[in-house]
Amino acid sequence: MATSEPSSRRTFLRTAALVSAGLVGSGAISRGERLLAAVGAGGPEDPEVPNEIVAKILQDISRGRPITRGHLSLDMPAAAEDGRIVPLIIESDLPMTVDRYVKVVHLVVDFNPDAHLAVYELSPAVGTVSLSTRIKMKRSTWVRAIAETSTGELWAAYAHVNVTLNGCG
């Protein structure tokens, strides 16, 4: 038995090294965008409004103004193994000057118990819009980031995240 153990360990390590080399060589690790949810401008069509709760939230945010995809990015995993800790990054290329800046960023998670998950109030003093946090997600659904500028424009980014383990109890 003692002689077969080192052989099994060597076989395992050799296989693991070959698999790692294959992933690196194929570029699968360096092309992280393929692992992320579809987000930002040029992605799939805007997600449908799933229910009256989200419709009311979006109406309250927009107050009749159009919400346009662009100038905002929402970086999240396409698949979250644990809905209790789903990382996200929201960034914007909009200016942060006294005359024009992002004043509010809304985070809406369609099927969460509290769908209007967060509101971030910003000022020009921030310098750049870059928010990073972790959220809880009840189930697989769309996540919406909506930025409102000081001039009243609304910009959005969307991500669909598949949740394996329910994060809301």
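So, Arg-69: this residue is buried, with a relative accessible area of 16%. I should say right away that we're looking at a predicted model. Arg-69 sits in strand E1, residues 67-69, and it has a partner. Which residue forms a salt bridge with Arg-69? That's Asp-46, and the closest N and O atoms of the two are 2.9 Å apart. If salt bridges are new to you, here's the idea: side chains of opposite charge can pair when their charged atoms come close.

Asp-46 isn't tucked away like its partner. Its relative accessible area is 37%, so we call Asp-46 partly exposed. You'll find Asp-46 in the loop between helix H1 (4-26) and helix H2 (52-62), so this salt bridge ties together parts that are 23 residues apart in sequence.

Okay, let's zoom out for a second. The protein chain has 169 residues, and 34% of them count as buried. How many helices and strands does the chain have? Two helices and nine strands. Reading from the N terminus, both helices come before the strands: α-α-β-β-β-β-β-β-β-β-β. And here's a number about the fold: take the contacts between residues at least 6 apart in sequence, and 69% of them join residues at least 24 apart. On the outside, the chain exposes about 9900 Å², with carbon and sulfur atoms supplying 56% of that area.

Back to the charges. The count of salt bridges comes to eight, and I'd like to show you another two. Arg-63 and Glu-148 meet through their side chains, 3.6 Å from N to O. This pair links distant parts of the chain: Arg-63 is in the loop between H2 and E1, Glu-148 is in strand E8 (residues 141-149), and they're 85 residues apart. Are these two buried or exposed? Arg-63 is exposed, at 55% relative accessible area, whereas Glu-148 is buried, at 6%. And they have company, as Arg-63, Arg-65, Lys-103 and Glu-148 are linked in a network of salt bridges.

The other one is Arg-100 with Glu-153, where the closest N and O atoms are 2.7 Å apart. Again the pair links distant parts of the chain, 53 residues apart: Arg-100 in the loop between strand E4 (86-92) and strand E5 (102-109), Glu-153 in the loop between E8 and strand E9 (154-163). Arg-100 counts as partly exposed at 26% relative accessibility, and Glu-153 is also partly exposed, at 28%.

Now for strand E5 itself. E5 is mostly covered, with seven of its eight residues buried. Which way does E5 run relative to E8? They're antiparallel, joined by seven bridges. One example to find on the screen: His-106 has Ile-146 in E8 as its bridge partner.

E5 also pairs with E6, in the antiparallel sense, over five bridges. Those two strands form a hairpin with six residues between them. Here you can look for Leu-107, whose bridge partner in E6 is Ala-118.

Last stop, Val-119, which is in strand E6, residues 116-121. Val-119 is partly exposed, at 42% relative accessibility. Which residues does Val-119 touch, leaving aside its neighbours within four places in sequence? Val-104, Val-105 and His-106. And if you go from Val-119 to Ala-145, you cover 26 residues in sequence but 9.8 Å in space, C-alpha to C-alpha.

Note on methods. Residues are numbered from 1 along each chain as its sequence is written. This is a predicted model: local features need pLDDT of at least 70, side-chain atom pairs count only at pLDDT 80 or more; totals for chains, interfaces and linings use all residues. Side-chain values use heavy atoms; hydrogens and water are left out. Helices (H or I, at least four residues) and strands (E, at least two) are DSSP runs, numbered from the N terminus. Buried means under 20% relative accessible area, exposed over 50%, partly exposed in between (1.4 Å probe, protein chains only). Contact means heavy atoms within 4.5 Å. Accessible areas come from the Shrake-Rupley method with a 1.4 Å probe; for residues, only the protein chains shown count as cover. A salt bridge is a side-chain nitrogen of Lys or Arg within 4 Å of a carboxyl oxygen of Asp or Glu. Two strands pair if DSSP finds at least two bridges between them.
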